[in-house]
Structure formats: C-alpha cells, structure tokens
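Visitor: I would like to go through this model by asking about its strands, helices, pocket and backbone. Please end each reply on the item I asked for.

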Amino acid sequence: MYDIAIVGAGPAGMTAAIYGARGGKKVIMIEKLSYGGQIINTPEVENYPGTNVVSGVELAMSMYDQASKLGAEIDFQEVTGVEKRGEGDFLIKTASGKEIGAKSVILSTGVKARPLGIEREEKLVGLGISYCATCDGAFFRGKDVVIMGGGNTALEDAEYMATIANKVYLVHRRDQFRGDEITVERLRKKENVELILNSLPAELLGDPRLSGIKIKNVETGEEREIECSAVFVAYGHIAQNQAFADITELDSAGFFASGEDCMTGTKGLYVAGDCREKNRRQLVTATSDGAVAAMNAIDYLNSL
Ligand code: NAP
C-alpha cells in the first residue's frame with residue numbers, strides 16, 4: 001500500500017513525487033510510456049526558471065533522477081481506472097491486470113496530440129506524418145518538410161527543423177501566431193523557412209509514403225501543393241481522461257474539473273498539470289500543480 005500513487009510521470013507527476021517523497025511518504029509513479037511527458041519533445045526549454053537553456057530530455061531525466069533519489073518508485077503500466085474503496089483506500093487498475101493500492105491518488109495524465117483531422121492521416125503516421133519533430137525530425141535530414149500550427153511547439157519545431165531540413169514550410173490557419181513573437185522574428189530571418197498564413201490542410205498526397213500536402217487559403221480559397229517528405233503536426237493537445245470520468249468530474253472538453261488547489265470532488269484524489277482545466281498550460285504551471293497536489297495529499301494523509 002502506497003501513501004501516494006501518481007498516475008503519469010510528466011513534469012507535474014514527477015514534481016508531485018519529489019514533494020511527496022520529501023514529505024516522508026511512500027510514493028509510486030505509474031506511467032504508460034516513458035517519464036518526461038511533453039517536455040521530452042522540446043529540443044530547448046528556455047523559460048524554466050533557473051535552467052537558462054536546457055534540453056527537454058535533460059530536464060526530464062534530471063527531474064526523474066531527483067524523484068528516484070528521494071525514494072519515489074516508478075512502475076510502467078497503463079492505468080485503466082481508479083476506484084475509491086473507502087477513506088484513504090484507493091485501488092488503481094492497470095491494463096496488465098496488476099492492481100496497486102494507495103491511500104491517496106494524484107492524476108497527472110497530461111494530454112495527447114490533436115490530429116489534422118483529414119483523410120489518410122492515420123494511415124500515413126510513420127510514413128511521413130509525425131506529431132513530434134524532436135523525435136522524428138532527424139529522419140528528414142536534407143529534405144523539405146511542413147510544420148502545421150502556430151503555437152510555440154510549431155514555432156520551435158520549425159526552428160529546429162531549419163537546422164536539419166533543406167526547406168521548412170510553416171503553415172498556420174490565421175495571420176497571427178499564437179506562439180512567442182521572439183521565435184517568429186528568428187524564423188523570419190531564416191532563409192530556408194517560409195511562413196504560410198491563413199491556410200488549412202486540404203489533402204495529404206502520396207501513396208504509400210507521404211509526398212506532399214495540399215493546403216487551402218481560407219481567405220482566397222486558393223489551393224497550393226507543397227512537395228515534402230514529412231508533415232509535422234503541432235496543433236496542440238487534447239485531454240485523455242475518460243478512464244477517470246467515474247471517479248471525478250470532467251469539463252466539456254474532457255479536462256479534469258478543478259481549481260488552482262488541484263482538489264477534486266473525491267477526497268484524497270488530486271489532479272495536476274495539463275490534464276486539468278486551466279488557462280495556461282506551461283511547464284512551470286505543471287510543476288506548480290504537482291507541488292500543490294502533493295502538499296494537499298500530504299495534509300489528507302496526515303488527517304487520516
Ligand atoms: P497551442 O499553443 O495550443 O497551439 C496550437 C496551434 O495549433 C495554434 O496555433 C492553433 O491555431 C493551431 N490549431 C489547433 N487546432 C487547429 C485546427 N483544427 N486547424 C488548424 N490549426 C489548429 O499548442 P502548443 O504549441 O503545443 O503549445 C501548448 C502549450 O505549451 C502552450 O501554452 C505553449 O506556450 C507551451 N509550449 C511552450 C514551449 C516553451 O516555452 N519552450 C514550447 C512548446 C509549447 P490558433 O492559434 O488559430 O488557435
């Protein structure tokens with residue numbers, strides 16, 4: 001029986017593990033894939049206080065190292081649900097059939113990539129469609145690539161790919177970028193980057209591999225075919241919390257309904273990071289949530 005079971009080992013979960021373990025509690029993180037969450041897809045993090053510029057992977061490894069040195073454990077399992085059997089008595093169920101008991105639970109399940117939503121997208125995943133330029137970009141060295149989106153991920157992906165690819169097209173649906181102006185300015189100065197605004201994807205070209213994308217200008221209706229070897233989709237993320245809908249409330253978009261205190265309607269159950277409803281999803285807000293959730297869980301445990 002653990003004191004705190006943390007579902008998801010991204011920055012929010014790992015911070016919760018650090019705070020929980022430092023609070024003298026027996027902590028386990030349960031993670032489906034690999035620890036680190038979204039930051040492992042970020043080549044350079046330059047807005048996390050105290051780190052100046054650090055690679056996302058390096059930061060994730062350092063957080064994990066810190067949590068495990070403090071005694072937090074990790075188990076790689078896909079969590080399929082959480083049941084509350086009584087006060088201070090939760091059962092975490094996993095896809096492998098393994099069950100883990102804990103007195104309190106922190107859900108820090110993160111989010112998943114939003115797709116383009118056009119025909120043949122799923123079929124072309126791994127054949128030219130990717131949701132992670134940091135992970136797959138190196139396969140397209142010297143090629144022409146397209147990045148879709150206008151947030152910080154798209155901008156940073158374009159910046160990263162400009163160092164690897166022959167030519168980078170950044171396609172965004174509006175005439176203003178959502179991401180930071182400082183990065184847009186850097187991109188405008190790059191000779192091998194073309195910014196294409198007011199445009200949406202219309203068709204994926206090539207069979208069996210992707211050979212290009214047709215895009216459509218939303219103002220003029222004009223269509224354009226771009227020859228490319230890869231399309232990196234950076235359309236933000238969607239919640240993946242359905243497995244927990246019976247133990248805590250979700251908002252209309254599927255995020256956990258909770259305030260800055262990371263509390264839920266279920267005593268002893270907390271939510272932290274991008275998976276909960278919030279206006280600002282940043283690394284620093286995720287780690288903040290992890291600390292808040294863990295401190296509230298410690299108070300709960302001490303009150304049992
Ligand atoms: P995001 O900020 O939500 O941006 C998603 C982008 O995709 C937006 O430009 C959006 O367009 C576009 N988009 C979404 N759905 C679309 C659709 N159906 N059709 C066409 N375009 C669509 O996501 P993100 O870039 O992954 O960033 C997520 C969070 O992480 C943000 O808070 C971001 O600042 C943060 N982040 C920070 C760093 C860093 O600081 N180093 C790096 C990466 C991400 P609209 O703009 O028109 O809505």
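Visitor: Over how many bridges do strand β9 and strand β10 pair?

Guide: This is a predicted model. In it, β9 covers residues 144–148 and β10 covers residues 167–171. I147 stands opposite L170 in β10. The two strands run in the parallel sense, and the number of bridges between them is five.

Visitor: Which strands stand at the edges of the open sheet, each with a single partner strand?

Guide: The sheet has five strands in the order β8-β15-β9-β10-β11, with parallel pairing. An edge strand has a single partner, so one side of it is left without a neighbour in the sheet. That applies to residues 129–130 and 193–196, which are β8 and β11.

Visitor: Is A230 buried or exposed?

Guide: A230 belongs to strand β15, residues 230–233. Residues that A230 touches, leaving aside those up to four places away in sequence, are G128, F140, D144, V145, V146 and L210. Its C-alpha atom is separated by 7.6 Å from that of S211, 19 residues apart along the chain. With a relative accessible area of 0%, under the 20% cut-off, A230 is buried.

Visitor: What covers the buried residues of α4?

Guide: The buried residues of α4 are A154, L155, D157, A158, E159, M161 and A162. Helices and strands both take part in the cover. It includes α3 (133–136), β9, β10, α5, β11 and β15.

Visitor: Which element gives the largest share of the lining of the second largest pocket?

Guide: The second largest pocket has a volume of about 180 Å³. Its lining consists of P43, E44, E46, E156, E159, Y160, T163, T183 and R186. Two elements give two or more residues to it, α4 (152–162) and α5 (181–188). The largest share is three residues, and it comes from α4.

Visitor: How many residues of the lining of the second largest pocket are charged?

Guide: The lining includes E44, E46, E156, E159 and R186, and Glu and Arg count as charged. The remaining residues divide into two nonpolar and two polar. The number of charged residues is five.

Visitor: How many of the nine residues of strand β6 are buried?

Guide: Strand β6 spans residues 99–107. Five bridges join it in parallel to β1 (residues 2–7), four join it antiparallel to β5 (residues 89–94), and three join it in parallel to β17 (residues 269–271). The strand is largely enclosed by the rest of the structure, because the number of its buried residues is seven.

Visitor: Which residue of β6 is the bridge partner of Y2?

Guide: Y2 falls within β1, which covers residues 2–7 and runs parallel to β6. The residue in question also has F90 standing opposite. The bridge partner of Y2 is A102.

Visitor: Which residue in the turn between β5 and β6 has a positive phi?

Guide: β5 and β6 form a hairpin with four residues between them. The phi in question is about 100°, and the residue is G97.

Visitor: Which residue takes a positive phi in the hairpin of β13 and β14?

Guide: β13 and β14 (residues 223–227) run antiparallel, joined by five bridges. I215 has R224 as its bridge partner in β14. Five residues lie between the strands, and the one with a phi near 80° is G221.

Visitor: Where is the peptide bond that is cis, with omega near 5°?

Guide: Most peptide bonds are trans. The cis bond leads into a proline in the loop between β12 (199–205) and β13 (212–217). It runs from D207 to P208.

Visitor: Is N198 buried or exposed?

Guide: N198 is found in the loop between β11 and β12. Its phi is near 50°, a positive value in a residue other than glycine. Its relative accessible area is 15%, which is under 20%, so N198 is buried.

Visitor: The side chain of T287 makes a polar contact with the side chain of which residue?

Guide: T287 lies in helix α6, residues 283–303, and counts as buried at 8% relative accessibility. Its side chain reaches the backbone oxygen of V284 at 3.1 Å. T287 also touches P11, T15 and M63, among others. The side-chain partner, at 3.4 Å, is Y48.

Terms used:
Residues numbered from 1 in each chain as written. Predicted model: local features only at pLDDT ≥ 70, side-chain atom pairs only at ≥ 80, totals over all residues. Heavy atoms only, no water. 1 Å grid on protein atoms, 1.4 Å probe; cavity = no way out; pocket = protein on both sides within 12 Å on 5 of 7 lines; lining within 4 Å. Points joined across faces, edges and corners; volume = space filled by probe spheres on them. Buried < 20%, exposed > 50% of the residue type's maximum accessible area, 1.4 Å probe, protein only. Polar contact = N/O pair within 3.5 Å; in protein donor to acceptor, adjacent residues only side chain to side chain. Contact = heavy atoms within 4.5 Å. Pairing = 2+ DSSP bridges.
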